Structure formats: structure tokens, C-alpha cells
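Hi everyone, thanks for making time for this one. Let's put the structure up and walk through a few contacts together.

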Amino acid sequence: MASYPIIQEREGEWTSNEMIEILGFRIPAFFVYGSQGPELLCDFITNFQTKSDDVFIVSYPKSGTTWMQEIIWQIYNNGENTSKNIFERVPFLEFSTSPILGEFADIAKVPSPRLMKSHLSYSIIPKGSSDGAKCKYIYIARNPKDVAVSYFHFTVSLRSFGNGYNGPWEFFSKLFIDGNVGWNKWNDHVQGWWKHKDDPNVLFLKYEDLKKDLPSQVRLTANFLNKPLSEDIINRIAEQCSFNGMTKDLSRYTVRFNEGQTSILRKGVVGDWKNYFTPELNERFEKEVLSKIEGTGLEFDFEL
């Protein structure tokens with residue numbers, strides 16, 4: 001049996017959250033509590049069988065995944081709104097083998113078409129072995145400066161889950177740049193999916209484009225999914241999936257674990273990074289994160 005030791009970065013009294021490496025990626029340890037947890041999740045991902053009508057909503061953490069989950073669920077339900085938790089409607093692949101977190105939905109029992117969320121890289125996400133099992137992937141990317149800030153706040157909010165994190169923003173920003181966070185380096189993750197943006201079964205979207213013109217992005221997504229909608233339904237989905245629309249019922253986007261709970265939604269803005277980045281940190285991001293995507297054609301808006 002493979003060994004899955006707990007990984008935790010330290011700097012003086014500061015500690016990262018506890019993580020376990022599975023298939024080359026670090027994930028939060030509380031996803032797989034229990035001696036058999038890591039092995040179960042590794043086997044589940046490796047052996048997962050896709051169906052031709054499966055849809056994966058994929059991203060690096062804190063890039064707009066929940067937003068896309070809600071949009072796509074509403075596309076498949078003709079603009080219906082519901083108070084049901086998003087994880088019950090669009091289950092999280094990496095939660096699947098957790099005895100606690102997996103209670104949201106058993107993916108094996110979800111009726112087709114299955115809508116699923118994942119933070120896995122292109123290289124290890126489940127793929128059909130035949131054309132008949134080739135499913136669709138919708139990837140949403142966000143500028144890494146806003147991702148880092150949102151990821152920091154989310155990690156801090158998970159302290160009640162016993163994730164082990166203890167440290168200020170300055171410590172977390174170093175972890176983020178070095179890839180010592182869940183799902184490793186932002187630039188590696190995003191570039192892996194960007195290379196497949198022209199694949200017929202991949203739709204690559206940007207968070208900032210949704211903020212600029214949500215109805216057009218809803219329309220684009222619906223057409224990619226072969227679910228053409230009327231303008232009335234497209235506009236209804238855009239209204240219901242605006243930040244104001246979604247925050248009318250935060251219980252839909254709340255994760256509970258043991259005695260802790262946290263909301264996945266925070267601000268939903270572009271440019272919040274300017275409230276956190278020093279000139280020195282900004283320079284380091286430019287050199288060590290953004291320089292890695294130069295020449296790829298992938299560009300982001302950092303303020304609107």
C-alpha cells in the first residue's frame with residue numbers, strides 16, 4: 001500500500017494547511033481523513049468511468065468554480081432557481097470518497113447527464129477511453145492575483161475544519177507562488193488546460209469575461225453544451241447568477257464539516273488584489289507567476 005504522509009509547510013510559528021499528495025497533486029488532508037482515505041480517492045479518480053453526456057466544471061481553486069456550477073445547473077434546468085445546496089446538484093469529484101464530505105451526493109448514483117466539479121489538472125482528470133465516453137469540460141480561469149487573495153481568505157475560513165493553517169497574508173502569498181497549496185502552482189494548472197482550449201470538448205472561460213458580460217458568456221456556454229436557450233431564459237440566468245442574485249441565499253453555497261462551516265462566496269469582484277499587494281509582492285508575482293504564461297496567448301484583466 002502506498003504511503004501518504006501529511007505535508008505541512010512551516011515558517012517560524014506559521015504553518016500551512018495540512019495536505020496529502022495524491023497523483024502528484026496536493027489536496028487538503030481533511031478531504032481524505034481516515035487511514036484508507038488517500039488510497040480510496042486515488043483509486044476512485046484513476047478508475048472513474050466517464051459518460052458521453054458528463055460535464056466537468058473545472059478550475060484552479062477560487063477562480064469562479066461555484067459561479068459556473070450554478071450557471072451550468074441553471075442552463076440544464078431552463079433557468080430554474082432552487083435553495084438546494086450546490087454540492088448536491090453538482091457534486092465535487094474530490095469529495096467523493098470522504099465519509100463526511102461525500103454525503104452531498106454519490107456521483108455513481110447521480111442520473112445522467114452528470115454535472116461535476118473538479119480542481120484536477122488536465123493530465124489526471126478522468127477521460128473516456130473511447131469516443132462513446134468522451135465528455136465535456138468547462139474550465140474557468142481567473143487572474144492569479146485575485147485568486148491568491150480569495151484563496152487566502154478561504155483557507156483562513158477553513159480553520160474551523162481543523163485544516164492546520166496559521167499565518168498572515170504575507171506567508172500565504174509565498175506558499176501560493178511556490179505551489180505549496182492545494183492543487184499546486186496556479187500557472188502549471190491553468191497552462192495545462194489552456195493547451196487544450198481548442199479541443200472540441202473543452203470550453204475555456206475567464207472569470208473577468210463573465211464579470212464584463214454575463215449574458216454573452218451564458219449564451220456561449222449553453223451553445224457549447226448543445227442547450228440553446230431563449231434570450232429571456234439567458235437573461236434570467238444572468239440575473240439569478242449575478243453576485244447579488246446568488247448571495248440572496250448563501251445556504252446554497254455553504255460547506256459544513258464536523259462543527260465547522262464556511263461560505264464559498266466572498267466578494268465576487270475583480271481587482272481586490274490591490275488592497276493586499278505591496279510593490280515588492282507585485283514584482284515577485286510578475287517574475288515568478290505571470291512570466292510563466294508569456295508567449296502562450298493567455299492574458300487576464302486585473303481590474304475592470
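Let's begin with E231, which forms a salt bridge with R219, the closest N and O atoms being 2.9 Å apart. This is a predicted model, by the way, so please hear every number today in that light. E231 lies in helix α9, residues 231-240, and R219 in helix α8, residues 214-224, so the pair ties together parts that are 12 residues apart in sequence. How exposed are the two partners? E231 has a relative accessible area of 41%, so it counts as partly exposed. R219 comes out at 29%, so it is partly exposed too.

While we're on helix α9, have a look at A238, which is also found there. Is A238 buried or exposed? Its relative accessibility is 10%, so A238 counts as buried. A238 and P215 are 23 residues apart in sequence, yet their C-alpha atoms are 5.4 Å apart in space.

Back to the salt bridges. How many does a search of the whole structure find? The search gives 14 salt bridges. I'll pick out a couple of others.

One joins the side chains of K212 and D301, at 2.8 Å from N to O. K212 lies in helix α7 and D301 in the segment after α11 (279-288), so here the pair ties together parts that are 89 residues apart in sequence. K212 has a relative accessible area of 51%, so this lysine is exposed. D301, at 28%, is partly exposed.

Another brings together the side chains of E9 and R26, with an N to O distance of 3.0 Å. E9 sits in the segment before β1 (10-11) and R26 in strand β4, residues 25-28, so this pair ties together parts that are 17 residues apart in sequence. E9 is partly exposed, with 22% relative accessibility. R26 is on the other side of the cut-off: buried means under 20% relative accessible area, and R26 has 13%, so it counts as buried.

Then there is a small group to find on your screens: D178, R284 and E288 are linked in a network of salt bridges.

Charges turn up over rings as well. Which ring does the charged end of K136 sit over? The ring is that of F224, and the charged end lies 4.8 Å from its centre. K206 does something similar with F300, lying over the face of the ring at 5.6 Å from the ring centre.

That takes us to the rings themselves. The model has 32 aromatic pairs, counting rings whose centres lie within 6.5 Å. Y60 and Y151 make one of them, an edge-to-face pair with 6.0 Å from centre to centre and 85 degrees between the planes. This pair links distant parts of the chain, with Y60 in the loop between β5 (55-58) and α2 (65-76), Y151 in helix α4 (residues 144-157), and 91 residues separating the two. Y60 has 1% relative accessibility and therefore counts as buried. Y151 is buried as well, with a relative accessible area of 6%.

Stay on helix α4 for another pair. The rings of F152 and F172 have their centres 5.8 Å apart and their planes at 50 degrees, so this pair is tilted. F152 lies in α4 and F172 in helix α5, residues 169-178, so the pair ties together parts that are 20 residues apart in sequence. F152 has a relative accessible area of 10%, which means it is buried. F172 is buried too, at 1% relative accessibility.

Last stop: the largest pocket. How much space lies in it? About 670 Å³. The lining is made up of 42 residues, and K62, G64, T66, S150 and I264 lie nearest the centre of the pocket. The elements that give two or more residues to this lining are α2, α4, α7 (207-212) and α10 (243-246). Which of them gives the largest share? That is α4, with five residues. As for the chemistry of the lining, by class there are 22 nonpolar, 12 polar and eight charged residues.

So helix α4 came up twice today: it holds Y151 of the edge-to-face pair, and it gives the largest share of the pocket lining. Thanks for listening, and I'm happy to rotate the model to anything you'd like to see again.

Note on methods
Residues are numbered from 1 along each chain as its sequence is written. This is a predicted model: local features need pLDDT of at least 70, side-chain atom pairs count only at pLDDT 80 or more; totals for chains, interfaces and linings use all residues. Side-chain values use heavy atoms; hydrogens and water are left out. Rings of Phe, Tyr and Trp (its six-membered ring) pair if their centres lie within 6.5 Å; planes under 30 degrees apart count as stacked, over 60 as edge-to-face and the rest as tilted. Helices (H or I, at least four residues) and strands (E, at least two) are DSSP runs, numbered from the N terminus. Buried means under 20% relative accessible area, exposed over 50%, partly exposed in between (1.4 Å probe, protein chains only). A charge sits over a ring if NZ of Lys or CZ of Arg is within 6 Å of the ring centre and within 35 degrees of the ring normal. On a 1 Å grid over the protein atoms alone, a cavity is a set of points where a 1.4 Å probe fits but cannot get out, and a pocket is an open set with protein on both sides within 12 Å along at least five of seven lines; lining residues have an atom within 4 Å of a point. Grid points are joined across faces, edges and corners, and a volume is the space filled by probe spheres set on the points. Ala, Val, Leu, Ile, Met, Phe, Trp, Tyr, Cys and Pro count as nonpolar, Asp, Glu, Lys and Arg as charged, and the others, Gly among them, as polar. A salt bridge is a side-chain nitrogen of Lys or Arg within 4 Å of a carboxyl oxygen of Asp or Glu.
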